[in-house]
Amino acid sequence: TNDQSVISLYHHRIIHGKTNSEFYPYDLITRGEFAKILANTYTLTGKRAQVSADKIIFKDDINISKWAVESVSIVAGLGLFVGSQNNEFEPHKSITKEELISVLLRLYDIS
């Protein structure tokens with residue numbers, strides 16, 4: 001992509017492509033990808049809310065990609081992301097508008 005906003009977020013290490021050379025700008029964002037973006041953004045702000053000392057365990061932890069494990073732990077520990085009714089994170093499922101709004105409202109509340 002040549003979009004300057006995307007390039008800026010890339011240089012600030014907030015977003016990454018699917019590969020080293022491809023961004024896939026029209027793909028849906030998964031919950032795991034958004035957890036990574038959110039954790040990267042939160043870290044960049046320098047804010048430090050109290051992260052839960054207890055590791056949040058989801059039933060589907062094994063399905064969380066290695067590159068997203070730490071980010072999922074951060075956003076879950078901050079209380080920004082919660083699991084499904086079955087206590088699953090569902091990392092490969094696309095994030096819905098409703099989930100996105102809920103996460104952003106929680107972020108606003110801790111800021």
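A residue is buried when its relative accessible area is under 20%, exposed when that area is over 50%, and partly exposed in between. The exercises below concern a predicted model.

**Exercise 1.** Determine which class K93 and E90 fall into, and state what joins their side chains.

*Solution.* Step 1: K93 has a relative accessible area of 41%, so K93 is partly exposed. Step 2: E90, at 23% relative accessibility, also counts as partly exposed. Step 3: the side chains of E90 and K93 form a salt bridge, with an N to O distance of 3.6 Å.

**Exercise 2.** State how many salt bridges the whole structure contains, and explain what the pair R31 and E99 ties together.

*Solution.* Step 1: a search of the whole structure yields two salt bridges. Step 2: one of them joins the side chains of R31 and E99 at 2.8 Å, N to O. Step 3: R31 belongs to helix α2 and E99 to helix α4 (residues 97–110), so this pair ties together parts that lie 68 residues apart in sequence. Step 4: both R31 and E99 are buried.

**Exercise 3.** Describe the volume and lining of the largest pocket, then those of the second largest pocket.

*Solution.* Step 1: the volume of the largest pocket is about 550 Å³. Step 2: its lining consists of 19 residues, with I15, H16, I29, E33 and I37 nearest the centre. Step 3: these lining residues comprise 13 nonpolar, two polar and four charged. Step 4: helix α2 (residues 31–45) gives the most to this lining, namely four residues. Step 5: the second largest pocket has a volume of about 250 Å³. Step 6: 12 residues line the second largest pocket, and Y10, H16, G17, T19 and N20 lie nearest its centre. Step 7: by class, that lining has five nonpolar, six polar and one charged residues.

Note on methods: Residues are numbered from 1 along each chain as its sequence is written. This is a predicted model: local features need pLDDT of at least 70, side-chain atom pairs count only at pLDDT 80 or more; totals for chains, interfaces and linings use all residues. Side-chain values use heavy atoms; hydrogens and water are left out. On a 1 Å grid over the protein atoms alone, a cavity is a set of points where a 1.4 Å probe fits but cannot get out, and a pocket is an open set with protein on both sides within 12 Å along at least five of seven lines; lining residues have an atom within 4 Å of a point. Grid points are joined across faces, edges and corners, and a volume is the space filled by probe spheres set on the points. Helices (H or I, at least four residues) and strands (E, at least two) are DSSP runs, numbered from the N terminus. Ala, Val, Leu, Ile, Met, Phe, Trp, Tyr, Cys and Pro count as nonpolar, Asp, Glu, Lys and Arg as charged, and the others, Gly among them, as polar. A salt bridge is a side-chain nitrogen of Lys or Arg within 4 Å of a carboxyl oxygen of Asp or Glu. Buried means under 20% relative accessible area, exposed over 50%, partly exposed in between (1.4 Å probe, protein chains only).
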